[in-house]
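Open the model in a viewer with the sequence panel beside it. The stops below each give a selection and then what is found there.

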Amino acid sequence: MTHTADTHTGVFAGIDIGGTKIAVVLVDAAGDILARGSAVAPAKEGGEAMATTAARLTADLLGESGGTLGAAGVGAAGVFDYDTGVVTAASSTFVDWVGFPLRTRLEELLGVPIAIENDVNAFLLGEVAFDAHAEPDAFGVMLGTGVGGALILDGTLRRGARGGAGEIGHTPGYSDLVCTCKQTGHLETLASGTSIGLRYAERTGASGLTAKEIADRARAGDADARAVFANAGRALALACASMSTLLDVAEVIVGGGVSHAWDLLSPAMDETLRTAAPITGTPLRIQRAKRGGDAVALGAAASAQKLLRATLAQAQSNTQTREGAAR
């Protein structure tokens, strides 16, 4: 694969690496999807297998579309050292993932610059990056196995000094329950898919159900199931109201598997916001994500596009410096 020098005509790959599936989209400079594909994630086989699968899928799509790859971005589960592109923390779903040099390996396999983001950051970028009408400030929440958060201010993704900006899932004060991180009362104890299953089991004794199965019971009239989702919606709205008050952000985008139960979450969110509105008086908009399963990959592609621009600008600056010194 060759590296294009024109960000307006090149193709950008967005790679979504999860514990069960690897998905890739190829987009043009405007963010229009040219091709998409997916493969089973070999998470139990280690980082090398994951990187190889992602690169092979990208190459196959590129061959079918006939484009020239300019750069690629990755949105992946885990915590990263953004300076090195090395995975520094991950769930037990991933074997030999921590310590794996994901950026370096994909650069070797694909031959282009690689941008790395965690999956929640990429999700929020994917929701807003190619939307000309997107707000410059936005907060993103992913309700999945856990609860993740991401933050964009003045059009720029904010990771924070230690990569934890926007991670609202582990803010305290929502319950007296022990969180997956072993601390107490975090938002994640009520609003994650895992916790919805646990809270329903505590009420009914019916353990092992997924959030989707509990949502089906709620829609069929199960009062306990409805209460569990109401509690999740209430806690989520309070968390978003706090974030909005602190940062003056008026738009929250919610994605992840639990968001498919929006009809069960939103009544409690709406009721909560009636008495927990931001002090500015600006209405807080909490809305369901629109990009669906493409969001993480699209955000990764947007990161790739930004990286290529920066790489080319630096190369041009270096050339001008050398030419100036030679005069």
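Select D154 first: at 61% relative accessibility it counts as exposed, where exposed means over 50% relative accessible area, buried under 20% and partly exposed in between (1.4 Å probe, protein chains only). D154 sits in the loop between β9 and β10; helices (H or I, at least four residues) and strands (E, at least two) are DSSP runs, numbered from the N terminus. Its phi is near 55°, a positive value in a residue other than glycine.

This is a predicted model, in which local features need pLDDT of at least 70 and side-chain atom pairs count only at pLDDT 80 or more, while totals for chains, interfaces and linings use all residues. Residues are numbered from 1 along each chain as its sequence is written, and side-chain values use heavy atoms, with hydrogens and water left out.

Go on to K182, in the loop between β10 and α4 (188-191). K182 also has a positive phi, about 80°, although it is not a glycine. With a relative accessible area of 69%, K182 is exposed.

**The five-stranded sheet**

Now select the strands on either side of D154. β9 and β10 belong to an open sheet of five strands, in the order β10-β9-β8-β11-β12 and with mixed pairing; two strands pair if DSSP finds at least two bridges between them. At the edges are β10 (156-157) and β12 (285-288), each of which pairs on one side only. Strands β8 (residues 138-143) and β9 (residues 147-153) run antiparallel and are joined by six bridges. To see one of these bridges, select V141 and its partner in β9, G149.

Add helix α3 (residues 119-128), which packs on the sheet and touches β8, β9, β10 and β11 (251-255); contact means heavy atoms within 4.5 Å. The direction of α3 makes about 50° with that of β9. Such angles run from 0 to 180 degrees between N-to-C directions, and the axes are lines fitted to C-alpha atoms, for helices over the stretch in contact. Then add α7, which packs on the sheet by touching β8, β9, β11 and β12, its direction making about 155° with that of β8.

**Along α7 and across to α6**

Within helix α7 (residues 223-247), pick N231. Is N231 buried, exposed or partly exposed? At 27% relative accessibility, it counts as partly exposed. Leaving aside neighbours within four places in sequence, the contacts of N231 are L190 and R203. For a distance check, draw a line between the C-alpha atoms of N231 and T145: they are 86 residues apart along the chain and separated by 17 Å.

Next select helix α6 (residues 211-219), where A211, I214, A215 and A218 are buried. Seen down the axis of α6, its buried residues fall within an arc of 105°, so they line one face of the helix; the arc is that of the directions from the helix axis to the C-beta atoms. The cover over these residues includes α5 (193-204), α7 and α8 (262-275). Just after α6, G221 takes a positive phi of about 105°.

**A buried strand**

Move to strand β4 (residues 69-76). Eight of its eight residues are buried, so β4 is largely enclosed by the rest of the structure. Strand β1 (residues 11-17) runs parallel to β4 and is joined to it by seven bridges; I15 stands opposite V74 in β4. β4 also pairs with strand β7 (residues 114-118), in the parallel sense over five bridges, and here A72 stands opposite I114 in β7.

**Aromatic rings**

Finish with the rings of Phe, Tyr and Trp (its six-membered ring), which pair if their centres lie within 6.5 Å; planes under 30 degrees apart count as stacked, over 60 as edge-to-face and the rest as tilted. By this rule there are three aromatic pairs. F80 and Y82 form a tilted one, 6.5 Å centre to centre with 45° between the planes. F80 is buried, with a relative accessible area of 6%, and Y82 is buried at 17%.

W97 and F100 form a stacked pair, 6.1 Å centre to centre with 15° between the planes. Both W97 and F100 are buried. Add F94 to the selection: ring pairs link F94, W97 and F100 into a cluster.

For the last stop, return to Y82 and show R159, which lies over the face of the Y82 ring at 3.9 Å from the ring centre. A charge sits over a ring if NZ of Lys or CZ of Arg is within 6 Å of the ring centre and within 35 degrees of the ring normal.
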